[in-house]
Amino acid sequence: MTDAPQDSVSGSVSAAASDSVPDASPPAAVGIVVGVDLSPSSQGALNWAADTAAVYGVPLTVLIAHPDAEGDIEVEEYAEDLEGGVQTAVAGVRERHPDLVVHGVRYPTPPVQSLLSASETAQLLVIGARGWEGFTGLLVGSTALNVVPYAKCPVVVVHPTPPVDTVGSGAAAADGPHAGQVVLGYDGSVSANAAAAVAIRHASALGTGLVAITVRHRRGSISVKQVDPVADGPGSPTASFWAPVILDGNAFPSVPITYWEAEGRPGAVLVEQSRGAQLLALGSRGRGGFRGLVMGSVSQQLLAHAPCPVGVLHSTAAQVS
């Protein structure tokens, strides 16, 4: 992702803005796209997306979607046409990261449709966990149910409470067993393998480690132990299970990866293990304890209570490159 051109979004956005009419197609959004509705939650998502775009070296598109929006507006050239709060948000990003290519775009469609449209060309879609206006009820309403499982790229949901330093300086805002690292919830499913690839790339961009955790569902107390699939040797059950993660990790030798096996309720285990983490990455649908992750109670628990940004991927989502 660090090889993406910084100005690749500029031409398409400006061209679309110059033809601003209600029926115009929204400009193609590349790099990272963040949905903003000016709520406290979306401000946290904006900061996380801006910091991540800066370390990835890709453009940031700030997407404002309202049911009554008309046309596609690029903030830099048409700032007077957008409300003051949006201008302030984009200006804040440019002050936070002066070298970051950032655009503000208003889509002429409701939030869900706008976000799904943007996900078709974006590398990563970032949304605040809770908001008002178009994004109200994200965790329990139709927005989450329609955006997370159907987006064409990875989706990250960010809570209002700041997690760790997202630019990877190593400073953690909260104590935790893996504070400052990227945590992967892994069950060997196809979508979990997609999440592993993105999680390792994210850890590489931030210069931190990856903690890969699998959970066997059981009632009662939680137990967590570290394992070493490499030391167990090829062909062993542990090595075979973790083989896709090991293979992806080989492409990023600078990322230290630790492997953990846990027993307990998957949601409770991952909430505890992700305290202070940079990101908790998950496959949308899996097997065992992760079955029905996006649509079921486990996903709702993680999206509501995980103390860090939560990245959700399904097997058909485009891989971050």
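# Briefing: a chain of helices and strands

Ala-251 lies in the loop between α9 and β9 (257-264). Ala-251 is exposed, with a relative accessible area of 56%. The model that holds this residue is predicted. The chain has eleven helices and eleven strands. Of its 321 residues, 55% count as buried.

**The chain as a whole**

- Contacts between residues 24 or more positions apart make up 80% of those with a separation of 6 or more.
- The exposed area of the chain is about 12900 Å². Carbon and sulfur atoms supply 52% of that area.

**The nonpolar cores**

- In soluble globular proteins, nonpolar side chains tend to be buried together.
- The largest nonpolar core here has 45 residues.
- Which residues have the most contacts inside this core? They are Ile-32, Val-34, Leu-60, Val-62, Val-126, Leu-184 and Val-245.
- Helix α7 (residues 190-206) gives this core its largest share, eight residues.
- A second, separate core has 34 residues. Val-211, Ile-213, Ala-277 and Leu-280 are among them.
- Take Leu-184, and set aside its neighbours within four places in sequence. Leu-184 is then in contact with several alanines: Ala-192, Ala-195, Ala-196, Ala-199, Ala-212 and Ala-281. Leu-184 also touches Leu-210, Val-211, Ile-213 and Val-245.

**Aromatic rings**

- A pair of aromatic rings is described by the distance of the centres and the angle of the planes.
- How many aromatic pairs does the structure hold? There are four.
- Tyr-186 and Trp-242 form one such pair, with ring centres 5.2 Å apart. Their planes meet at 25 degrees, so the pair is stacked. The cut-off for stacking is under 30 degrees.
- Tyr-186 lies in the loop between β6 (182-185) and α7. Trp-242 lies in helix α9 (residues 237-250). The pair therefore ties together parts that are 56 residues apart in sequence.
- Tyr-186 and Trp-242 are both buried.
- Ring pairs also link these two residues with Phe-241 and Tyr-259 into a cluster.

**Two helices and their buried residues**

- Helix α5 spans residues 111-119. Its buried residues are Pro-111, Ser-114, Leu-115, Ala-118 and Ser-119.
- Why do the buried residues of α5 line one face of the helix? Seen down the axis, they fall within an arc of 135 degrees, so they share that face.
- Helix α10 (residues 266-273) is mostly covered. Six of its eight residues are buried.
- In α10 the buried residues are Pro-266, Gly-267, Val-269, Leu-270, Val-271 and Gln-273.

**Cysteines**

- A disulfide is a covalent bond between the sulfur atoms of two cysteines.
- The count of disulfides in this model is zero.
- Is Cys-153 buried or exposed? Cys-153 has 2% relative accessibility, so it counts as buried.
- Cys-308 counts as buried too, at 3% relative accessibility.

**Residues apart in sequence**

- Ala-251 and Ala-197 are 54 residues apart along the chain. Their C-alpha atoms are separated by 9.9 Å.
- Gly-128 is found in strand β4 (residues 124-128). Gly-128 counts as buried, at 7% relative accessibility.
- Trp-48 lies in helix α2 (residues 40-56). Trp-48 is buried, with a relative accessible area of 3%.
- How does Gly-128 sit relative to Trp-48, and what is the distance in space, C-alpha to C-alpha? The two are 80 residues apart in sequence and 9.8 Å apart in space.
- Glu-120 has its place in the loop between α5 and β4. At 57% relative accessibility, Glu-120 counts as exposed.
- Glu-120 and Lys-152 are 32 residues apart along the chain. Their C-alpha atoms are separated by 5.2 Å.

Conventions
Residues are numbered from 1 along each chain as its sequence is written. This is a predicted model: local features need pLDDT of at least 70, side-chain atom pairs count only at pLDDT 80 or more; totals for chains, interfaces and linings use all residues. Side-chain values use heavy atoms; hydrogens and water are left out. Helices (H or I, at least four residues) and strands (E, at least two) are DSSP runs, numbered from the N terminus. Buried means under 20% relative accessible area, exposed over 50%, partly exposed in between (1.4 Å probe, protein chains only). Contact means heavy atoms within 4.5 Å. Accessible areas come from the Shrake-Rupley method with a 1.4 Å probe; for residues, only the protein chains shown count as cover. A nonpolar core is a set of buried Ala, Val, Leu, Ile, Met, Phe, Trp, Tyr and Cys residues joined through side-chain atoms within 4.5 Å. The arc is that of the directions from the helix axis to the C-beta atoms. Rings of Phe, Tyr and Trp (its six-membered ring) pair if their centres lie within 6.5 Å; planes under 30 degrees apart count as stacked, over 60 as edge-to-face and the rest as tilted. A disulfide is a pair of cysteine sulfur atoms within 2.5 Å.
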